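Here are some exercises to work through at your own pace. Grab the viewer, try each task, then read the solution.

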Amino acid sequence: MTMEQNGLYASQARPWMKYYDPRFIDQPLPECSAFEYVCQQNKNHLGSAALEYYGRKITYADFIVNVKKTAAAFRALGMKKGDIATVVSVMTPEVIYAFYAADLIGATLNLVDPRYSEEGIREYIEEVDSHLLLCLNVVYDRCRNAAKRTHVERVVVLSPADSLPLPMAIGYKLTSPDRNRYDSNVIHWKQMIEEGKNSSTAAEPYDPDHACVVVHTGGTTGSPKGVMLTDQNFNAIAQQFAAYDNLFSRGQHLMNIMPPFIAYGYACGVHLPLVLGLTVIIIPNLDPAKLGSLILKYKPEHMFGVPAHYQQMAADPKLKDKDLSFIRNYAAGGDAIAQGAEHVVNEFLAAHGVKYPLAKGYGMTEVSSAATAAGGFNNKPGSVGIPLVGTLVAVFEPGTDKELPIGQRGELCISGPGVMKGYYNKPDETAMILRKHPDGRIWVHTGDIGYLDEDGYVFLDSRIKRLIIRHDGFKIFPSMIENVISQHPAVHQCSVVGCVDKDHVQGRLPFVYIVLTPAAAASRKKKQIISELRKMCAEELPEYVQPVAYKVLPEMPLTAAAKFDYRTLEQEISPRDY
């Protein structure tokens, strides 16, 4: 008799717990800030390397000192408990110091993708009312314009060269000179640190309600929202991954190729390895074509990436016949990996001396990046792993609190210490996704369809939401594009759906359908209108959100409920259309 026939429920049976050592079950969460947790875990290993940046090694002792210097500098600029500073940058040591320094003084970082348009950056600054802006020098002009008409008073400019070894820093400045003309409210990172040396480095008392970051996501409804993640959220991710002690060992290296403006980048790529005593190798802006060379150069035991990274790795001629037995846990998140692609990657790993298959995981920003993991030999093809040791994953009738038995398909819901505090200043949308069930727990309703098998492995079937996920894991919200296109006077209706990315093994790109107004349709100026739409999108949307093609329809196909039939639109796309 199957578990489905038995009517066993995942939230009660928890069949996955058999895979965990009892000493990791029901551990109390650390009641301290994220920074204090890193300090506690490494107090006897201060001479070990915490970060490596283009060959420069930064010990845990230096890391802690740099965080405290940054906290003092923030205080000297007037930043205080409860403030929210906006950061527009790729991953650098300074951005990591800023994360923990803001945490130390009870402040919050609002993390923004540096590829966003001026208008997008301005909206995110305004949303949280930042008075302090940190940005990379290469995006200063955009950030300067974005900060106009906001309450930003000071701008801290970072350079990728700030932490480079001296010869490389000199070379960088020669080949990439900074030609920005800075306003009087700008202070450079090193100057900021110097001017803060007399300010306090004392930590604010631990506040369990304190949000470390605001990270932007489309959630389950598609409209961008700011997710508030707390110290507990970050600490819980790190503590739960410590249960994989056969994979993670102090002194190992993790190559961080994910950006800081997604939860995955900070929670799994920075905080988790630092808590576990690993060295984080920072790759600020990955060129996928160089991934194989980086793996050979640094020989990292660990990496968190998206499926496309590992498909790139498996196809890289530079790795042919190379011994990769140093690899312990290369994990794919951000998107489901096709079973055929998973098989190819696993064959590659096995042929190159790697002990374990590709690790996989499933989660979302609203649960601090990860809820399940398939690590080591606890791994089934096609699954996204088992729930983390302190996390519950169960299946419910979509949109309800009625749990379905193990084996049945339904909406995947998540409960546990990684669940976000909520969406910033959006209580109604928070209430839609965070729901208190009769069992007294808060469950995240993911909007994803899947099931659990008899061993507790989670299988993701399909996404309810219309999210478009690119080959590199970046997510595109159709509403972002539709909001721009619908402003054109010639557009009567528009709908954005995903189409196949012909240049990559997997991933999708945004494809735009439009219905013109009668007057515009009669004018026969379709090419001109599409040209204008392309220009609008180029000016108002980030580069990675740009539509791949536009198609004019006489009318939109509708479902029985008179909604746009997105599935039909997807199916009607022809390779000749783009």
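Which residue in β2 does Glu52 stand opposite? Keep in mind that you're looking at a predicted model.

**Exercise 1. Sort out that pair, then walk across its sheet.**

Step 1. Glu52 stands opposite Lys57 in β2.

Step 2. Now look at how the strands run. β1 and β2 are antiparallel and joined by four bridges.

Step 3. Follow the chain from one strand to the other. β1 and β2 make a hairpin, with two residues between them. Tyr54 sits in that turn and has a positive phi of about 50°.

Step 4. Zoom out to the sheet. It's an open one with nine strands and mixed pairing, in the order β2-β1-β11-β10-β12-β13-β14-β15-β16. The edges are β2 (56-59) and β16 (386-387), each pairing on one side only.

Step 5. Check a pair further along. β14 (residues 359-362) and β15 (residues 372-374) run antiparallel, with three bridges between them. Within this pair, Lys360 has Ala374 in β15 as its bridge partner.

Step 6. Add a helix. α12 (residues 291-298) packs on the sheet and touches β1, β10 (253-256), β11, β12 (302-305) and β13 (329-332). Its direction makes about 155° with that of β10.

**Exercise 2. Find the helix that lies across β1, β2 and β11, and work out how it meets α11.**

Step 1. The helix is α5 (residues 93-104), running at about 140° to β1.

Step 2. Two numbers will help here: packed helices are described by the angle between their axes and the distance between the axes.

Step 3. For α5 and α11 (residues 263-275), the angle is about 75° and the axes are 12 Å apart. Roughly perpendicular covers 65 to 115 degrees, so α5 and α11 are roughly perpendicular to each other.

Step 4. See who does the touching. From α5 come Val95, Ile96, Phe99 and Tyr100, and they meet Tyr266, Val270, His271 and Leu274 from α11. By class, this contact has seven nonpolar residues, one polar and no charged ones.

**Exercise 3. Give the strand order of the eight-stranded sheet, and name its edges.**

Step 1. The order is β7-β6-β5-β3-β4-β8-β9-β19; this sheet is open too, with mixed pairing.

Step 2. Its edge strands are β7 (186-188) and β19 (422-423), and each pairs on one side only.

Step 3. Take a look at the β19 end. β9 (residues 225-230) pairs with β19 in the antiparallel sense over two bridges, and Val227 stands opposite Tyr423 in β19.

Step 4. Place α10 (residues 231-241). This helix packs on the sheet, touching β8 (211-217) and β9, and its direction makes about 70° with that of β9.

Step 5. Finish with α7 (residues 140-147). It lies across β3 (84-88), β5 (132-136), β6 (154-158) and β7, at about 160° to β5.

**Exercise 4. Describe the second largest pocket and the second largest cavity.**

Step 1. Start with the pocket's volume, about 730 Å³.

Step 2. Go to its centre. Of the 27 lining residues, Val90, Arg115, Pro284, Asn285 and Leu286 are the closest to it.

Step 3. Sort the pocket lining by class: 20 nonpolar, three polar and four charged.

Step 4. On to the cavities. The structure holds two of 30 Å³ or more, and the second largest has a volume of about 30 Å³.

Step 5. List what lines this cavity: Val367, Ala370, Ala371, Thr391, Ile414, Gly416, Pro417, Gly418 and Val419. That lining splits into six nonpolar residues, three polar and no charged ones.

Methods: Residues are numbered from 1 along each chain as its sequence is written. This is a predicted model: local features need pLDDT of at least 70, side-chain atom pairs count only at pLDDT 80 or more; totals for chains, interfaces and linings use all residues. Side-chain values use heavy atoms; hydrogens and water are left out. Two strands pair if DSSP finds at least two bridges between them. Contact means heavy atoms within 4.5 Å. Axes are lines fitted to C-alpha atoms, for helices over the stretch in contact, and angles run from 0 to 180 degrees between N-to-C directions. On a 1 Å grid over the protein atoms alone, a cavity is a set of points where a 1.4 Å probe fits but cannot get out, and a pocket is an open set with protein on both sides within 12 Å along at least five of seven lines; lining residues have an atom within 4 Å of a point. Grid points are joined across faces, edges and corners, and a volume is the space filled by probe spheres set on the points. Ala, Val, Leu, Ile, Met, Phe, Trp, Tyr, Cys and Pro count as nonpolar, Asp, Glu, Lys and Arg as charged, and the others, Gly among them, as polar. Angles under 35 degrees count as roughly parallel, over 145 as roughly antiparallel, 65 to 115 as roughly perpendicular and the rest as oblique.
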